[in-house]
Amino acid sequence: MLALLAIIFLLFSLKFAWWLPSQSLSKTRIMMYHMIAHQIPNKKRSGLRVSPAMFEKQLKWFSDNNWSFIKMSELLEHETQEKVVAITFDDGYEDNYSEAFPLLKKYNACATLYLVIDRHQNDWSAKKKPKHNKGDLAKKSKLSDEQVEEMVTSGIFELGGHTYSHPFLPNLSTEDKEHEMIGSKSFLESKFNTNISSFAYPFGIYGSADVDIIKASNFISAVTTKEGVASSDSIYELKRIKASGKDNFLTFKLRVLKGFRGFI
Ligand SMILES: [Zn+2]
């Protein structure tokens, strides 16, 4: 019995890392979301799907606890301010319009959308691991250009670069990398008549050559999928806090405060 309790305690501790101190509240929390959607019945829970009810609960928590919502282009202006959160969405799923947009409006919040340009019928998960190609991602509805236009015009969303095709960067030549990273920036800027100042590395996989391309091309920040709070000394390799569909509300709060996702 005691041994069982000890094991449960150990697992709980590894999951929640309760003994770690909270990170300073003056470090901006950059939240990473993908879809605001329900889990698919009879399928393995997906971290990429945060339910609309959970997303609302999270926005309400930030709002009730006096966090300021910012877009990524405003990151440096708020460097020393406490309780600053930047909501980010990767890829461009349609539920960002149908589910997230109204909730962001309701809570007077804003967000940055790292939009893939060739996002329709594109199963980019196969670019990382070819055996992943089950076509699920290609079938998932993505945002139309008209929806993106409305989101940007509202002032609630700003766009960030996430390449044309969501490639696996280590496989590309320098020329192709520049096309994907710099080319997609100017494409989005002219298509949506907006300024693109932040970039998200596809799959969060990148090397120092990729960071150099981003630095040299008028981006002022870039985000990764590494877990943690933002730090101005790594503005081109910013950490984010993953809002996972596998987490309950307590885990979400611990992640936000500690900037850490636990060991298991
Ligand atoms: Zn992505």
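**Salt bridges, zinc site and aromatic pairs**

D64 is partly exposed, with a relative accessible area of 48%; buried denotes under 20% relative accessible area, exposed over 50%, and partly exposed the range in between, with a 1.4 Å probe and protein chains only. The structure is a predicted model, in which local features need pLDDT of at least 70 and side-chain atom pairs count only at pLDDT 80 or more, while totals for chains, interfaces and linings use all residues. Residues are numbered from 1 along each chain as its sequence is written, and side-chain values rest on heavy atoms, with hydrogens and water left out.

The side chain of D64 meets that of K60 in a salt bridge, with a distance of 2.7 Å from N to O. Such a bridge is defined as a side-chain nitrogen of Lys or Arg within 4 Å of a carboxyl oxygen of Asp or Glu. Side chains of opposite charge can pair when their charged atoms come close. Both D64 and K60 belong to helix α2 (residues 52-64), where they stand four residues apart, about one turn of the helix. Helices (H or I, at least four residues) and strands (E, at least two) are DSSP runs, numbered from the N terminus. An α-helix has 3.6 residues a turn, so residues three or four places apart point the same way. K60, like D64, is partly exposed, at 39% relative accessible area.

The structure holds nine salt bridges. In another of these, the side chains of D145 and R119 come to 2.8 Å, N to O. D145 is part of helix α6 (residues 145-153), whereas R119 sits in the loop between β6 (111-115) and α4 (125-128), so this pair ties together parts that are 26 residues apart in sequence. D145 is partly exposed at 28% relative accessibility, but R119 is buried at 2%. A further salt bridge joins K177 to D210, whose closest N and O atoms are 2.8 Å apart. Because K177 lies in helix α7 and D210 in helix α8 (residues 208-215), the pair ties together parts that are 33 residues apart in sequence. K177 is buried, with a relative accessible area of 11%, and D210 is buried at 3%. Salt bridges with shared partners also join R119, D145 and K191 into one network.

The zinc ion has the protein donors D91 (OD), H162 (NE2) and H166 (NE2), which lie 2.1 Å from it. Donors are N, O and S atoms within 2.8 Å of the metal (3.2 Å for Na, K and Ca); water is not among the atoms, so sites may look incomplete. Along the sequence, the donor residues follow the spacing D-x70-H-x3-H. D91 and H162 link distant parts of the chain: D91 is in strand β5 (residues 84-91), and H162, 71 residues apart from it, is in the loop between β7 (157-161) and α7 (174-191). D91 is buried at 3% relative accessibility, as is H162 at 1%.

Aromatic rings form a further group of contacts. A search of the whole structure finds 18 aromatic pairs. In one of them, Y33 and F89, the ring centres are 5.6 Å apart and the planes stand at 35 degrees, so the pair is tilted. This pair links distant parts of the chain, with Y33 in strand β1 (residues 29-33) and F89 in strand β5, 56 residues apart. Rings of Phe, Tyr and Trp (its six-membered ring) pair if their centres lie within 6.5 Å; planes under 30 degrees apart count as stacked, over 60 as edge-to-face and the rest as tilted. Y33 is buried at 1% relative accessibility, and F89 is buried at 0%. W61 and F62 form an edge-to-face pair, 5.4 Å centre to centre and with 65 degrees between the planes. Both rings belong to buried residues, W61 at 15% and F62 at 0% relative accessibility. Ring pairs also connect Y33, F55, F89, Y97, F101 and F157 into a cluster.

Helix α9 (residues 249-258) is mostly covered, as seven of its ten residues are buried; F249, L254 and V256 are among them. G259, just after α9, takes a positive phi of about 60 degrees.
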